[in-house]
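This report walks through one protein model, from its overall make-up to a few individual residues. Please keep the sequence and the structure open while reading.

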Amino acid sequence: MENSNATTNAQGGDLSNLKKMFSDYQKQQTQGTKKRSREDLLAKYFVPRKAKETFRILPPKTGRKHIEEAFFHVVTTNAAGGKKKHGTVIYCPMHNDPKVPKLGSDGKPLIDPSTGNPVLVPAPCPLCAQHKKLIAKQDPSLKGIKKENMNDAQKVIKAKNDEIYKEAIKWEAKKFYIVRGIDKGAEKDGVKFWRFKHNYKNQGTLDKLLPILEDYMSNQQADFSDALTGTDLNIIMTDSEFNGHVYKAISAITAKGKSLLSNDPLVARAWLDDDITWRDVFTPKKAPNITPLEFLQMVVSGTSPYWDDTDANNKHWVFPGRPDLEELANTRKANLDADNEEDIEMASDVDEEYPRVTISNITESKVGTYTDNASDLGRETLAETAEVADTVDEGQGAENQSSGSGSDYDDLPF
Ligand SMILES: [Zn+2]
């Protein structure tokens, strides 16, 4: 008996590693690799643009909701060619990240004496801080006074307060809803995320969507997202005009009726099992050698860095007012340094079990002979992560906002 065992091992070996390879590969096929290329990431956005779109909401993963809430800033940033880009959607750490320990003057976490636990505060967000700072500039003497009861002097103050408020709310974090589902017009892209803004006038996407979903539930006695008894949704788009700009708006949403998530049970299973979350897709903005927090600080000061690809022969990072960072970002060596490694998809053999290939023995001159690849290696990847998150979902209007106007699009119905 011992022999037969030994023989099996000698001939077949242990198949567990091989099995793992197949299962890993399969996972990769369905989930995509962890580091997504720009195109792959874009494919994860569901942005209704065509006259008619069809979307199927997936059942939520354990502990999550059908419709999740998240917060983003919608601000103006610098863009390729030295232009201004309005309506850039930026992840808000304060409203999306877990709270962080509050530090005392000694730099150590403060402890709440009553519980013995660290005192927690919201994660810092320079954009939220800017909102708060501007709001505080309003003259508080008008509090409680109705407009019709104001004297002329107070009306002047009121006008000034309004002006401050208008500027301040540009920096406020805005609530968005995110729905996980399948774009039936692009099933090959797999699970996608549909993000739309909360509308205080109850004229937003959610306000069109919820009654349809509720109707479906009541009429069919079924969960609209169920893989067997749920429904595809038709989204009818129309051209709408606001502030002289034409943008795509949802004119109606309808439930198509009970249907399978997919006729292919394997495909349905892969979609249902996909672990991707909106956080994998709507990530904080990045640029080389700075932290996401520093990026946000630069947005506030109007010096946000950008990837300039207007000249195909000279694609490069621009850091307004920071030649040091700009040079660093555009130097290949810098991009091979530790900070950015995580953005580069590594060959599968660079895992723990294999010795890492070091680059310490590569000389400058050797690196120099590969300049073509060099610019793509670090920079493109970084450009992708920095730009992908905000260039997509404004197709519904914000990208049509030309500079100078359209500052009031906060309550557009999307
Ligand atoms: Zn914020």
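## A fully covered strand

The model is predicted, and a convenient place to enter it is strand β7 (residues 191-197), where 7 of the 7 residues are buried. Val191, Phe193, Arg195 and Lys197 point one way from β7, whereas Lys192, Trp194 and Phe196 point the other way, and all of these are buried. In a regular strand the side chains alternate between the two faces of the sheet.

## Overall make-up and confidence

The protein contains 14 helices and 11 strands, and buried residues account for 28% of its 414 residues. Of the contacts between residues at least 6 apart in sequence, 65% join residues at least 24 apart.

The mean pLDDT of the protein is 79, with 74% of the residues reaching 70 or more. Confidence is highest in strand β1 (residues 52-57), at a mean of 98, and lowest in helix α14 (residues 371-387), at 34. Over residues 1-10 the pLDDT is below 50, and this stretch has 0 contacts in the model beyond near neighbours in sequence. Residues 334-414 likewise stay under 50 in pLDDT, although the model has 115 contacts beyond four places in sequence for them.

## Strand pairing around β2 and β6

β6 and β7 pair in the antiparallel sense over 7 bridges, and one of the bridge partnerships is that of Gly181 with Lys192 in β7. β6 is also joined by 7 bridges to strand β2 (residues 67-79), again with the two strands running antiparallel, and here Phe71 has Lys175 in β6 as its bridge partner.

β2 in turn runs antiparallel to strand β3 (residues 83-91), to which 7 bridges join it, and the bridge partner of Val75 in β3 is Thr88. β2 and β3 form a hairpin with 3 residues between the strands, in which Gly81 takes a positive phi near 80°.

## The nonpolar core

The largest nonpolar core has 52 residues, and those that touch the most other members are Phe72, Ile90, Cys92, Leu127, Trp194 and Val299. The largest share of this core, 6 residues, is contributed by strand β6 (residues 173-183).

Which residues does Val299 touch, not counting those up to four places away in sequence? They are Val75, Thr77, Ile90, Leu127 and Ser304. Of these contacts, Ile90 and Leu127 also appear among the core residues that touch the most other members.

## Helix α7 and its two sides

Helix α7 (residues 205-220) has 16 residues and spans 22 Å from its first C-alpha to its last, close to the 22 Å expected at 1.5 Å a residue. Thr205, Leu209, Leu213 and Tyr216 are buried in α7. Viewed down the axis of α7, the buried residues fall within an arc of 55°, so they line one face of the helix. An α-helix has 3.6 residues a turn, so residues three or four places apart point the same way.

Pro211, Glu214, Ser218 and Asn219, on the other side of α7, are exposed. The cover over the buried residues of α7 includes β7, β8 (231-242) and β9 (245-258).

## Two residues with a positive phi

Most residues other than glycine have a negative phi. Gln221, just after α7, is at odds with that habit, taking a positive phi of about 50°, and its place is in the loop between α7 and β8. Gln221 counts as exposed because it has 8 C-beta neighbours inside 10 Å.

Asn289 also has a positive phi, of about 65°, although it is not a glycine, and it is found in the loop between α9 (278-281) and α10 (292-300). Is Asn289 buried or exposed? Asn289 is buried, because 21 other C-beta atoms lie within 10 Å.

## A buried proline in a loop

Pro48 lies in the loop between α3 (38-42) and β1, and it counts as buried because it has 24 C-beta neighbours inside 10 Å. Leaving aside neighbours within four places in sequence, Pro48 is in contact with Glu53, Ile235, Met237, Lys248 and Ile250. Pro48 and Ala249 are 201 residues apart in sequence, yet their C-alpha atoms are 8.6 Å apart in space.

Note on methods:
Residues numbered from 1 in each chain as written. Core = buried A, V, L, I, M, F, W, Y, C linked by C-beta atoms within 7 Å. Buried ≥ 20, exposed ≤ 12 C-beta atoms within 10 Å, placed from the backbone. Helix = DSSP H or I, 4+ residues; strand = E, 2+ residues; numbered from the N terminus. Contact = placed C-beta atoms within 7 Å. Pairing = 2+ DSSP bridges. Expected span 1.5 Å × (residues − 1). Arc of directions from axis to C-beta. pLDDT = per-residue confidence, 0-100.
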